Amino acid sequence: MADAFQSTTMDMAGQIGLMWDLIKAPVIVPLLRLAVYICLAMELMLFVERLYMGVVIILVRLFWKKPHKRYNFEPIQEDMENGNSDFPVVLVQIPMFNEREVYKISIGAASNLSWPSDRLVIQVLDDSTDLTIKDMIEKECIRWASKGVNIKYQIRESRGGYKAGALKEGLKHGYVKHCEYVVIFDADFRPEPDFLRRAVPFLVHNPKIALVQARWRFVNADECLMTRMQEMSLDYHFTVEQEVGSATHAFFGFNGTGGIWRLAAINEAGGWKDRTTVEDMDLAVRASLRGWKFLYLGDLQVKSELPSTFKAFRYQQHRWSCGPANLFRKMVMEIIRNNKVNFWKKVYVIYSFFFVRKIIAHMVTFFFFCVVLPLTILVPEVEVPKWGAIYIPCIITALNSVGTPRSIHLLFYWILFENVMSLHRTKATFIGLLEAKRANEWVVTEKLGDGNKNKSNTKPKKFQFKFGDRLHMIELGFALFLFFCGCYDFLYGKNNYFIYMFLQTITFSIMGFGYIGTIVPSS
């Protein structure tokens with residue numbers, strides 16, 4: 001019986017080996033070689049883009065004038081005769097959805113803004129479905145109103161359009177007609193009191209500027225390794241991408257919060273639209289196509305919170321990757337046909353802003369380093385040049401590190417972490433491009449606020465997990481695939497790729513078993 005089983009197994013293995021030999025040369029090798037060429041082309045596109053931004057940011061830092069010298073800027077002062085009439089009326093919008101842990105932070109920060117109370121309207125747009133939380137938020141608004149703050153608590157019948165729908169509905173109220181500018185803060189954002197005094201003068205004295213965007217700073221960047229990785233990525237986005245866009249084309253993607261808009265620009269661009277999950281980017285592109293300019297202020301910083309649970313981070317990354325791809329699909333022809341902006345700005349928006357940063361960057365990271373490169377180990381007839389596998393990726397990584405010098409020692413692990421997340425970003429990008437089932441999925445990013453710190457003073461809670469909830473099978477599947485490729489390279493390879501393969505296997509495994517980010521105890 002045992003001999004028969006062994007014979008059958010050997011026969012099956014022989015048949016599989018024969019089939020592999022039959023299709024390898026005519027099918028597998030040409031297809032894999034084509035995949036290598038496509039990945040190398042995408043990598044070169046990303047390399048040129050990163051190099052371009054690196055050169056520009058150096059020139060900006062060395063030779064560019066500061067914003068208050070490039071644009072007209074004069075602080076707004078109280079006038080003894082006219083009182084506060086020189087101050088424009090500013091609307092502050094704070095969209096919320098079941099924000100139990102952070103609602104007091106944003107409402108308190110907005111209420112403490114240094115701006116004449118008769119020239120400031122705070123609008124809390126509460127879409128909460130939890131009645132207890134709705135009551136808590138409303139009472140907080142009433143508490144600040146009793147102190148003389150002009151704060152409005154607004155609810156609506158349904159969550160149609162999600163955040164875009166709430167912001168659009170908020171602008172329909174009669175008291176908004178007197179407002180010239182609107183600043184948006186998400187529920188976890190806490191601006192400094194002088195935020196408006198530093199931002200509004202740019203809009204007042206420069207009628208072509210539609211948006212002033214502040215930089216985000218993160219109060220919980222040191223909470224866990226995952227938040228440090230996020231800080232590295234987002235610091236590059238603000239330090240380089242936003243700065244370069246602002247300095248060269250007066251265009252960049254609105255970050256959805258921590259920015260102040262000219263209401264006339266919002267209205268001219270067609271208002272808020274909920275056709276994608278990136279309503280902020282949608283509005284920014286439409287306003288830019290009508291000739292409006294944007295200004296990024298790197299020294300104007302707003303504290304905020306990073307998602308610290310892996311589940312919340314994955315949902316956020318899905319939205320941030322799917323939305324831009326879906327918007328690109330819907331707007332590319334509109335951008336091409338536009339006659340209000342010059343040719344080079346169109347090229348910048350279509351090629352650099354959308355195609356390379358929002359699509360190519362995700363795909364080349366995933367396909368090249370997690371699929372194609374490992375497969376070339378199993379098919380040694382296909383070689384990847386050293387410049388494509390090692391040198392250019394190292395240069396790109398070094399350019400990415402300029403945003404967060406304090407985390408440069410984490411750079412290698414950041415690469416491994418980003419490779420894993422590129423799996424989810426690539427999947428989301430395809431969903432957006434094809435407008436598949438989850439294209440308009442909106443899950444509000446969970447915020448923990450100071451909840452974990454406060455809970456440390458109370459009775460400890462049991463950590464109860466359903467093991468299945470923590471398993472991520474796709475990550476574990478790639479961990480097995482890369483482990484197999486690493487073992488094969490160790491035994492038969494000649495490029496020593498197994499070192500990278502084993503390290504990437506460990507990272508996929510850690511994330512596959514859910515041992516990353518903050519683990520929140522059950523109630």
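Axes here are lines fitted to C-alpha atoms, for helices over the stretch in contact, and angles run from 0 to 180 degrees between N-to-C directions. I am working from a predicted model, in which local features need pLDDT of at least 70, side-chain atom pairs count only at pLDDT 80 or more, and totals for chains, interfaces and linings use all residues. Residues are numbered from 1 along each chain as its sequence is written, and side-chain values use heavy atoms, with hydrogens and water left out.

**Entry 1, the helix pair.** I looked up α10 and α11 (helices are DSSP runs of H or I, at least four residues, and strands runs of E, at least two, numbered from the N terminus) and found them packed at an angle of about 155 degrees, with axes 10 Å apart. That makes α10 roughly antiparallel to α11 (over 145 degrees counts as such). Residues of α10 that meet α11 include Leu327, Phe328 and Ile335, and those on the α11 side include Val349, Ile350 and Phe354 (contact means heavy atoms within 4.5 Å).

**Entry 2, the sheet.** I traced an open sheet of seven strands in the order β3-β2-β1-β4-β6-β5-β7, with mixed pairing (two strands pair if DSSP finds at least two bridges between them). β3 (151–154) and β7 stand at the edges with a single partner strand each, so one side of each is left without a neighbour in the sheet. I then checked β5 (residues 209–218), which runs parallel to β7 and is joined to β7 by nine bridges; Val212 has Leu295 in β7 as its bridge partner. Helix α7 (residues 225–248) lies across β5 and β7, at about 155 degrees to β5.

Key. Parallel < 35°, antiparallel > 145°, perpendicular 65-115°, else oblique.
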